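Here are some worked exercises to go through with the coordinates open in your viewer. Try each task yourself before you read the solution.

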Amino acid sequence: MSFSNIMVEKNLAKAAAVYIFCHPPAKAGGNSSFPAKAGGNSGYFPKYLLLCFFLTLLLDFVTYSQYYSSGQDPAAIKWRQIKTEKYQLIFPESFEKKAQYLANIMDLVVRHETATQKAKVPRIPVILHNQSSLSNGFTVWAPKRIEMYSCAPQETYAEEWLEQLAIHEYRHAVQISKINRGFSRTLYYVFGEQITGGILGLYVPSWFLEGDATATETALTKTGRGRSAMFESSLRAQICEKGAYSYDKATLGSYKTYTPDAYSLGYYIVAQTRKRYGADVWNEALDRVAKYPFMVVPFNSGIRKTTGLWKTELYRQSLEELDTAWQRQLRATDHPQIRYITKRNPKNFTTYGHPLMVNDSTIIADKSSMDDVSRFVLIDRKTGKEKRLLTPGSHISGTTSIGGDWLLWSEYESGKRWQNLSFAEIRMYNLTTRKLTELTHRTRYFAPIISPDGKQVAAVYISPENRCSIDFIEIPTGRVIRKYPIPEGGIAITPNWSPGVRKIIFTLLTEKGETVAELDTSTGRIYNILPSYYNEFNGPSWFYKQYIIYSIDYSGVENLYALDTITNAKYKITSSRFAAYDPDFTSDKKFMIYSDYTSDGAMVVETAIDTATWIPIHKVDDHSIRLSESLASQENVNIQDSVVMRKIYKMNQRDDFDLTRDSITGTIYPVRRYSKAGHLFNPHSWAPVSFDVNNLKFKPGVMLLSQNALSSMFADAGWEYDMNEQTGKFYAGLSYQGLYPVFDLRFDIGTRAAWAYFSGSNELFRFTWQETNLKFLISIPWNFSHARYSRRLQPSVGATMIGIKHNASTPEQFTSGSILTIDYRLTGSQYLRSNQKDVFPRFGQDIDLNYRSSPFGGNNMGAIFSAAANLYFPGIFRHQGILIYAGYQRQRKKDDLVYSYSNLISVPRGMIGIAESEMVSLQFNYKFPILYPDFSIGSILYLKRVKMNLFYDWTKGLENRSATIYQSTGAELTFDFHLLRFVAPFEMGVRALYYPDSGGWGWEFLYAVAIP
């Protein structure tokens, strides 16, 4: 008898994403590319396809939430904890004083945030990461936790950063807890924590989740994004100039039209609805989701029950009311003519940020658009013609400066191993020599500003403990000359030099809000020039003589203002329709350039400077729509006021605070060691189904999932039934990622089955055997990303033990006993930063080298070596791409066994069962977008993009010196769309195949789901 080969290799599934709530909004990333091995059964529509779609709608959130991880912190960190009835703060030892301050903020937050969203929130872990230069936070529910990145940002509203995070992120915990009731609570006992986040992600739109949290941060404080005119400007400009988009385009986005994010759109829908229908209007919608998750549209029906309107009708009503108010605001102010230097392009939303005068005829600006990545461009002041200067890396916006021959900015730099370790580095570009250099390395410097003589840099330094200083750094050595600490826990924002290089002016953030402050470099003294307000002061700079210019929203629109430092008189000097900011001046101070916001982006504009036309501040009227006032009156409590009244802010100002001496009405909590070894396992979810997130395969079975709070240990266990083989197996896996190498261990045991023909007959029979697999793997996931390139390298080595035990049906000739393989692998990639419209990376390479052998034991499977590479190149036109795949595989067999290695390289699409001793594969792909329809079919489908891929695949196989050529060619037509207004985009299409060798035709169905 002869038997079919049985694959040895098993894939260890690792989920990679989950619905998360971020603060502040994350920037849009690149687009998902279709899996290289995507495919289906050719010639017919799979019967289970429709079922898979609807299961995926729920289970992608459910199952992807298994292993969502933002990464790990350095292994050397010693962790501490503060544990109360409502929360558990987990933080690095060095952050203990700030953690005490945050704990007292959390006491106020948990007390007041359920007034308008009535929910019982269980105790939730709050993990603080202080080794990253990123400023962010997110809330997730499988396992439930809040993670905060403590480094204070430069672009922020007038509230202390940890206080912002606590208010915004805890509101997400309230939202999710509100779902965990009624029938949803029953489902919790079946699925665990993952079902709660899954139901929320499936039924509740992201605009509500982020809009409600933004409304809360606004209502419970004197500031918040809802009070920021800059935050308002994107939606206001769109509504006033272009009108409201369709609900689908506004909430699900577009590849051809800029749409404000979920924070902005969501805030104004949520707030406007609360203003009209009352503070409790959203309770019914969330209650119905919790009680009736089996309904098709529980959130929508809940809205209708309280407002009488469906979701889309409420959207239109809210924007119509906002349009009326904003148009009234526009008419209330005169808007003098200004000269546009850059031209608006309605087909390509473009922002020119931070324009700077190189000389009186040339401008440098930070340009970003929907059609391209962010770049520095040179702009002719007279004609508006522009020329690309250079493309920075992860440029921290608003940090560009010019002095001498230097262009200077700050960039994020990732840690090599630890995802939660990152830096903010200063980069310099010499405008004369065209050379790019790095001024600092492994530092945390923000908003660098170069002195007019180009000899030194002033930059904001924020330590891991959130202590702030303004540091002077020598050019070109990078040596720190002087440090000026910011007293009492204040944060310096966007410093600027005085003309005489003796003083530094900057925005100062304290517990009282923001103000403009000045640093005297000769004495080190810092004093406030203006009183503190809960408005945002942006980009203060010296104009000339006694004037300081800054942007602020006194009138309800961000505009440029001047302060006379002699008389203390203030003047409004621009009257932009939507926002004016980032000024710079010609050498004679007769003209000013700045960024002026429009519905097509921010343009560089020019205006003559005439102090006679400046408007005194007492003549400036505030015409804002004051939506935030109705929210504040509904909550009737202010956390910022409570922090000041209780003097809790003093815990943030100084490390040696004393409750009695400083009259702090607060609590010093006991701090205990947080044992990493004692918190390895945290079972959070389970399910009566087994789901492989790598290939969207559902299997009958049960599973249990565990992930600890620090995301250093992941574990799963269960039993699953393979419907193809009609057998079952038990499995368990561990992945420990808290040390420099990552350790993976995987075990499974169960029955396997195969089919074979008797020799010399056509009779097919089925046989089974018991198989045990134990796999151990060590790997190091390095991140060498730098400047414009994302670079990753991962070496790994492991061993796989396979035990095969015969039963009554197993043929005697079939392999038995143990097989031990040693596995070596090296993967690496390098990608040039790309735009979200690009179908492939613009330029890049990835490699995959494998070597597996079985040098020990009686069952010697020989060895297999493979090398594969993907090469990406730009296409003929923008956003098109070329992908060339090359693979080589050589397999050496010691014995003629039926149990052999599976292929490690790709073979021509549409072909299976190719197994040669030596193979060479080449594949060519040319992919391009065809249409951006933004077309809706009711609430069922929203089509965003249509793409085409033309391909040719070729493989040469060698067996016993005999060569065989395999070929396929054809086209793939795919569609990017949202189904049932689900936030995760689907990609679906068909592949038409032609086989040149046989002249045959075929087709395959393709689909995938991309999790944002």
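**Exercise 1. Work out whether alanine 787 counts as buried, partly exposed or exposed, and look at its backbone.**

Solution. Start with the accessible area: alanine 787 comes out at 29% relative accessibility. Buried needs a value under 20% and exposed a value over 50%, so alanine 787 counts as partly exposed. Bear in mind that this is a predicted model. Next, find the residue in the fold: alanine 787 sits in the loop between β41 (782–783) and β42 (789–806). Finally, check the backbone: phi of alanine 787 is near 55°, which is positive although the residue is not a glycine. As background, most residues other than glycine have a negative phi.

**Exercise 2. Do the same for asparagine 466: what is its phi, and is it buried or exposed?**

Solution. Phi first: asparagine 466 has a value near 65°, again positive in a residue other than glycine. Then the location: asparagine 466 belongs to the loop between β19 (456–462) and β20. Then the cover: the relative accessibility of asparagine 466 is 6%, so this residue counts as buried.

**Exercise 3. Find where the cis peptide bonds at proline 143 and proline 476 lie.**

Solution. Take the background first: most peptide bonds are trans. Now go to alanine 142 and proline 143, which are joined by a cis bond with omega about 0°. Proline 143 is in the loop between β7 (135–141) and β8 (144–150). Move on to the bond from isoleucine 475 to proline 476: this one is cis as well, with omega near 5°. Proline 476 is in the loop between β20 (468–474) and β21 (480–485).

**Exercise 4. Show how the buried residues of helix α4 are arranged around its axis.**

Solution. List them: in α4 (residues 182–191) the buried residues are Ser184, Leu187, Tyr188 and Phe191. Now look down the axis of α4: these buried residues stay within an arc of 115°, and therefore they line one face of the helix. Step just past the end of α4 and you meet glycine 192, whose phi is positive at about 85°.

**Exercise 5. Describe the surroundings of tyrosine 315 and of isoleucine 552.**

Solution. Begin with tyrosine 315, which is in helix α12 (residues 311–331). Its relative accessible area is 2%, so tyrosine 315 is buried. Skip the neighbours within four places in sequence, and tyrosine 315 is in contact with Ala244, Tyr245, Ser246, Tyr247, Ala250, Leu265 and Ile269.

Now isoleucine 552, which is in strand β27 (residues 547–552). With a relative accessible area of 0%, isoleucine 552 is buried. With the same neighbours within four places set aside, the contacts of isoleucine 552 include Asn535, Glu536, Phe537, Val557, Glu558, Asn559 and Tyr561.

**Exercise 6. Set separation along the chain beside C-alpha distance for three pairs.**

Solution. Pair one: isoleucine 552 and methionine 230 are 322 residues apart along the chain, and their C-alpha atoms are separated by 8.9 Å. Pair two: phenylalanine 982 and threonine 196 are 786 residues apart in sequence, with 16 Å from C-alpha to C-alpha. Phenylalanine 982 is in the loop between β51 (962–979) and β52 (986–995), and is buried at 1% relative accessibility. Pair three: serine 998 and leucine 134 are 864 residues apart along the chain, with 56 Å between their C-alpha atoms. Serine 998 is in the loop between β52 and β53 (1000–1009), and is exposed, with a relative accessible area of 60%.

**Exercise 7. Decide how compact the protein chain is for its length.**

Solution. Count the elements first: the protein chain has 15 helices and 53 strands. Its radius of gyration is 31 Å, close to the 31 Å from the globule rule for 1012 residues, so the chain is as compact as a globular protein of that length. The C-alpha trace spans about 105 × 60 × 55 Å along its principal axes. Buried residues make up 58% of the 1012 residues. Among contacts with a separation of 6 or more, 59% are between residues 24 or more positions apart. To finish, the accessible surface is about 41,000 Å², and 55% of that belongs to carbon and sulfur atoms.

How values were computed
Residues numbered from 1 in each chain as written. Predicted model: local features only at pLDDT ≥ 70, side-chain atom pairs only at ≥ 80, totals over all residues. Heavy atoms only, no water. Buried < 20%, exposed > 50% of the residue type's maximum accessible area, 1.4 Å probe, protein only. Helix = DSSP H or I, 4+ residues; strand = E, 2+ residues; numbered from the N terminus. Arc of directions from axis to C-beta. Rg over C-alpha atoms; globule rule 2.2 N^0.38 Å. Contact = heavy atoms within 4.5 Å. Areas by Shrake-Rupley, 256 points an atom, 1.4 Å probe, with all protein chains shown as cover.
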